[in-house]
Every structure is written in structure tokens, then in C-alpha cells.
Amino acid sequence: MQLEDHFGVLLRDTVNLSPFRLNTLDDRVAKIYSALQNDTELGPRVLGMSKQGSWAHRTIINPVGDNEFDADFMLYLKDDTDWSAKDYLTNVKSALMRSSVYGKMPVNRKNRCVRVVYANSCHIDIVPAIERGGLEYVANYEDDNWERTDPKGFTTWMKEKDTITGGNLRRVIRLMKFLRDHRGSFKGTRSVILTTLLGEQVSAFRTFGDSGYYKNVPTTLLHVVSDLDEYLRANPTKPVIMDPSGSGASFDHRWSQKTYANFRDRIHTYAADMDAAYHATDKDDSVSRWQALFGDGFKAPTTSESSTPFGEPKSAPASTSLSGRAG
């Protein structure tokens, strides 16, 4: 059975990052960005910022246990040929260390970002980026070079796919992230790869023969995972997964054949389990099968709750720009 109302409770109460945490994230990013803007050395170079990754795609989920949740944002800076790629990361960290607030917090320089860590809560990754020749690049510290990227293009692609499903794709991605993180499955498969593979299965063409192909969360989950399973069955060897934004980059370096093989096997099992739960005619049997996948958070709403209480956060502005170029 579909049990759409049970999926609503699961998403709202167990899977989704709470509105409070999302509001806290918005506030913290705004304050970090303000600190960088107001830094005497870096501030004049700051052009704008934009959300990226699961935060921009609205696929961010609650972390496991006491683990931190995380979010990324792009920090657009002036292209200065006197600075190397390394310099951009180093100078963003230095600006934060000069702050009266962030200078007292753990601030770590990673290979492609600068991370601000909040105790027992979350971490925020700041990704320095420049525009050169009409294209966007992010810094790679280890190689001291620039890597082509198009996060806004990826977000646009994601939103287009989500629209085809009536907003159900983003919920399916959250559910699959939940299986990965909270149920200990297909670990090592990065979110960008999971999002890409799930999104690539979505096609308006599929609705021509079946207008209800993506009609609700359980139906979309069943079909997208089944379609992904069919694709993976046809590819025993790890395929090259290209960035759907059209940047020309691939995600091949982000997982191994071993990781792929485990992911492929787990999706095959999940596709069968979801099919059995979806098509079970006895409600108790169906609930039991869905709970075997998603745990006790999969349950009926109380009589006072909406039938589909997804607990969706309101959309927040995706970017801030001083010059108009990062909006």
C-alpha cells in the first residue's frame, strides 16, 4: 500500500531538518557572510554568495544521533591574478580568524573550502569562487589550481527535475539519504552522486503513458528507485557520472568500483523491498514492510494532524550579491 500519510509523518518528524535548524543555518550563514564583507582586507574583494548542495536543493536531512549537519555556500570573490588558488582559501580563513567572533571558533582550511565548526551543532563550508571568461571556478588547495564548476546550473537542473515530479523528487532524495545515513546503507556514496543518479531517472516522458507516475511520495520513490535499479543492472562496471549542469566535470573521482558495487547491490534489494511494500494488499503487512526499511518513524498521523504533513520549510533567498553578478 502507498500509505502517503505515513510518509508525511516520517519526513516531517524524522527525516527533514527541522525549521528551527534551517532558520539557525540561515542566520549563521548571514553572520559569517557579513563578517567577511566587513573584513578590512577581504571585504573589498567580496562580490556575493549563494547556497549550494543539499541546502540549495532542499534535500538536507537530520544528521545521525549527535552528529553535525552541514551546509555549503559559495563565496564569490574578485578574480585577482596576483593571488593563487591557495591564496584564496588562505585569505578567507585569515579573514575569519581576524573576526572577534570566528577567531575564537574552530576554523579549518580544507582542500576546497574553509569550514566553520559550531560545537555539537553543525559546520558550514565556505567555498571561494571566481568568475573567469564567463565561467565559474573553485579553488583546489592541494593542486593549487582552479576547478570548473556550475553549482547554480546543478541547482537549476535539480529544480527542473523536481518540478516534473510535483516536488516529490526532493523528498525521495531525502528518504534515500536517510537509508544511507541512518540505516547504514551504501556508505561512501556521496550526496552529489546520489542526487544526480536519482534525478537522472526522472523524465516527463514517463508521464505520457502514466500521468500518475510521480503522483505522490511513495509512487515516486517506487518508480525512481526501480528505474535506477534497471540502469544499474545494465552497468556492472562503475559508469562515468557527469555533472548534469553541463560544466564538463565528472564525479568519477568521488567513488570507487567497490563503493559502486555495494551501492548497486543495495539499490537492487531496496527496489524489491519497496515494490513488495507498495503492492502489499494488507495494511499491517505493508506498514511492517515499510518500517523494515525506514524504522519506527514510519507511522500513521494522529487525528489532529494533516494527512500529508511534510513539514516543508519555506524557501529562502538562494543568493546575495553586491554587484548583481552572483544573484
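## A strand-to-strand salt bridge

Let's start with R115, which counts as partly exposed at 21% relative accessibility. (Buried means under 20% relative accessible area, exposed means over 50%, and partly exposed is anything in between, using a 1.4 Å probe and protein chains only.) Keep in mind that this is a predicted model: local features need pLDDT of at least 70, side-chain atom pairs count only at pLDDT 80 or more, and totals for chains, interfaces and linings use all residues. Residues are numbered from 1 along each chain as its sequence is written, and side-chain values use heavy atoms, leaving out hydrogens and water.

So what does R115 pair up with? R115 makes a salt bridge with D125, and their closest N and O atoms sit 2.7 Å apart. This pair links distant parts of the chain, ten residues apart: R115 belongs to strand β4 (residues 114–118), while D125 belongs to strand β5 (residues 122–132). D125 is buried, at 6% relative accessibility. A quick word on the labels: helices (H or I, at least four residues) and strands (E, at least two) are DSSP runs, numbered from the N terminus.

## More salt bridges

In total, the structure holds 16 salt bridges. To count as one, a side-chain nitrogen of Lys or Arg has to be within 4 Å of a carboxyl oxygen of Asp or Glu. Take K31 and D27, whose closest N and O atoms are 3.2 Å apart. These two are four residues apart in helix α2 (residues 19–38), so about one helical turn separates them. K31 is partly exposed at 47% relative accessible area, and D27 is partly exposed too, at 38%.

Then there's the bridge between the side chains of D252 and K238, at 2.4 Å from N to O. Both D252 and K238 lie in the loop between α9 (217–233) and α10 (257–279), so their bridge ties together parts that are 14 residues apart in sequence. Is each partner buried or exposed? K238 is buried, with 19% relative accessible area, whereas D252 is partly exposed at 29%. Elsewhere, D39, E41 and R98 are joined into one network by salt bridges that share partners.

## Two helices that cross

Now look at helix α5 (residues 151–164) and helix α6 (residues 168–181): their axes come within 6 Å and cross at roughly 105°. (Axes are lines fitted to C-alpha atoms, for helices over the stretch in contact, and angles run from 0 to 180 degrees between N-to-C directions.) That makes α5 and α6 roughly perpendicular to each other. On this scale, under 35 degrees is roughly parallel, over 145 is roughly antiparallel, 65 to 115 is roughly perpendicular, and the rest is oblique.

Which residues make the contact? From α5 they are M158, K161 and D162, and from α6 they are N168, L169, R170 and I173. Contact here means heavy atoms within 4.5 Å. The mix is three nonpolar, one polar and three charged residues. (Ala, Val, Leu, Ile, Met, Phe, Trp, Tyr, Cys and Pro count as nonpolar, Asp, Glu, Lys and Arg as charged, and the others, Gly among them, as polar.)

## Covered-up elements

Strand β1 (residues 46–52) is mostly covered, with seven of its seven residues buried. β1 pairs with strand β2 (residues 69–77) in the antiparallel sense, over six bridges; two strands pair if DSSP finds at least two bridges between them. Within this pairing you can spot S50 standing opposite M74 of β2.

Helix α7 (residues 191–200) is mostly covered as well, with seven of its ten residues buried. Those are I193, L194, T195, T196, L197, L198 and G199. What covers the buried residues of α7? The cover includes α3 (53–57), α5, α6, α9 and α10. In helix α10 you'll also find T259, which is buried at 18% relative accessible area. T259 touches K187, G188 and T189, leaving aside residues up to four places away in sequence.

## Two positive phi angles

Most residues other than glycine have a negative phi. Where does R58 sit? R58 has a phi near 65°, a positive value in a residue other than glycine, and its place is the loop between α3 and β2. R58 is partly exposed, at 25% relative accessible area. D144 also has a positive phi, near 50°. You'll find D144 in the loop between β6 (135–140) and β7 (145–149), where D144 is partly exposed at 34% relative accessible area.
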